[in-house]
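Biologist: Please examine one part of this model closely, together with its surroundings, and give the reasoning where a judgement depends on a cut-off. A single connected account would serve best.

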Amino acid sequence: MTKRSLTYFSLAMVISCLWGCASKSAYVDPAGPNTAVNVGQINVQDFAVAADTFVQDILGRVGSGQLTSSEAGKPAIMAISRITNKTLNHIHIDQLVKKIRVELNRSGKILTTTTVAYGGAEDPLAKEVQETLALSGQGVVNRLPDYTLSGAILAQEARKSRLTTQASYIFQLSLTDRSGIAVWESEYIVTKQGRKSAVTW
Amino acid sequence: MNPFLHMLCLTLCSFFLFGCKSVNTIKPSDTLSKKAFIEDVRVVTDPFLQSRAKVLGINETLTEGGFLKIQVELENLTPRTKHVEYLFEWFDKDGNLIPSTTRSYRVRELLGRETIFLQAVSPTDQASDFRLKMIRARR
């Protein structure tokens, strides 16, 4: 290799390095395979896959006698109870619960009440309307939920090597019927491995 | 041969021999049956994965609630561990895609020669067809 060609080659390398350093932003499909993966937190795709696992498990049991509506021919009613975040991360539980609710709603088999919920009505105005109608005697019968959804999200860390850490997020959910028996329970674990510095807790 | 090159070849060979975990599956012997790979138009994959993971069979059933349940048997044809990302899409009787907020690629690990099952239940009882998309997992 001549001295000149070596110079050109070096120049080309420097230019390509500089060109590659330019920060680029782009939209990615949240359902696609190009979303970002962090070891230290639960990513959007983790919530989607966890919710999908639970929904499929619930829908697979609809009609089996295990999950039925108290009113024949009508969808079952579900209320959201306490779902605890036991990880050290700040997690919006709705990222999981809303997806489950939407999918169950779309299935037409299980609907969610927004006037009966753990810690008070999710929709206070709807609750007020319900109470006003009941007081005025035009009574819309307040249908009690057939099932309540409760659970927890846990985390566990393990070290694989000096540089690689493994983080597991454990999603646990239960559906309890009116008699207080958990008629459906499920668990889904997301496990990710990466550089130790990527773990924030 | 250069002694350095010789050592390098030996090291690489030992990596190949000891670095792969493969699964020995024990099942009832049936000399009459032979594995027949299923070419199904409902399974979409890339050429790279097609030569490394094969669909052995597809089970299609209806749950008691009327939901379509699919089980796909997948075999890793290589002696090395492979990671696959897959996604089920559901269609109604008119061929329209059924939207889902939980639609996302899932990762499965296949050890060498291992056979796994991918299962899915349709999001509504209106689903009459499906499509399975498989791609090589990003590592």
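Modeller: Two residues are taken to be in contact if their C-beta atoms, placed from the backbone, lie within 7 Å. The model is predicted. By that criterion, 19 residues of chain B are in contact with 22 residues of chain A. The side of chain B that touches chain A comprises 6 nonpolar, 7 polar and 6 charged residues.

Before turning to chain A, a brief description of its partner is useful. Chain B contains 2 helices and 7 strands, arranged from the N terminus as α-β-α-β-β-β-β-β-β. Of the 139 residues in chain B, 18% are buried. When contacts in chain B between residues at least 6 apart in sequence are considered, 69% of them join residues at least 24 apart.

The part chosen for a close look is helix α2 of chain A, which covers residues 44-61. For its 18 residues, a rise of 1.5 Å a residue predicts a span of 26 Å, and the end C-alpha atoms of α2(A) are indeed 26 Å apart, so expectation and model agree. The helix is mostly covered, with 16 of its 18 residues buried. Just after α2(A) comes A:Gly63, which adopts a positive phi of about 90°.

The burial of this helix can be set beside the largest nonpolar core, which has 47 residues. The members that touch the most other members are A:Ala50, A:Ala51, A:Phe54, A:Val55 and A:Ile58. The element that gives the most to this core is α2(A), with 9 residues. For A:Ala50, leaving aside residues up to four places away in sequence, the residues touched are A:Leu96, A:Phe171, A:Tyr188 and A:Val190.

The loop that precedes the helix offers a contrasting case. A:Tyr27 lies in the loop between α1 (3-20) and α2 (44-61) of chain A. A residue with 12 or fewer other C-beta atoms within 10 Å of its own is classed as exposed; A:Tyr27 has 5 such neighbours and therefore counts as exposed. From A:Tyr27 to A:Ala48 there are 21 residues in sequence, and their C-alpha atoms are 18 Å apart in space.

The surface against which the helix lies is part of a sheet. Chain A has an open sheet of 5 strands in the order β2-β1-β3-β4-β5, with mixed pairing. At the edges stand β2 (110-112) and β5 (182-195) of chain A; each has a single partner strand, so one side of each lacks a neighbour in the sheet. From one strand to the next, the twist averages 30°.

Strand β4 (residues 164-177) of chain A runs antiparallel to β5(A), and 13 bridges join the two. Within this pair, A:Thr164 stands opposite A:Arg195 of β5(A). Helix α2(A) lies across β4 and β5 of chain A, and its direction makes about 155° with that of β5(A). Helix α3 (residues 94-107) of chain A also packs on the sheet, where it touches β1 (76-85), β2 and β4 of chain A, at about 130° to the direction of β2(A).

Another helix of chain A allows a parallel description. Helix α4 (residues 124-135) of chain A has 12 residues and reaches 16 Å from its first C-alpha to its last, close to the expected 16 Å. After α4(A) comes A:Gly137, with a positive phi near 80°.

Terms used:
Residues are numbered from 1 along each chain as its sequence is written. Chains are lettered from A and ligands numbered from 1 in the order in which they are written. This is a predicted model: local features need pLDDT of at least 70, side-chain atom pairs count only at pLDDT 80 or more; totals for chains, interfaces and linings use all residues. Helices (H or I, at least four residues) and strands (E, at least two) are DSSP runs, numbered from the N terminus. A residue is buried if 20 or more other C-beta atoms lie within 10 Å of its own, exposed if 12 or fewer, and partly exposed in between; C-beta atoms are placed from the backbone. The expected span of a helix is 1.5 Å times one less than its number of residues. A nonpolar core is a set of buried Ala, Val, Leu, Ile, Met, Phe, Trp, Tyr and Cys residues joined through C-beta atoms within 7 Å. Ala, Val, Leu, Ile, Met, Phe, Trp, Tyr, Cys and Pro count as nonpolar, Asp, Glu, Lys and Arg as charged, and the others, Gly among them, as polar. Two strands pair if DSSP finds at least two bridges between them. Axes are lines fitted to C-alpha atoms, for helices over the stretch in contact, and angles run from 0 to 180 degrees between N-to-C directions.
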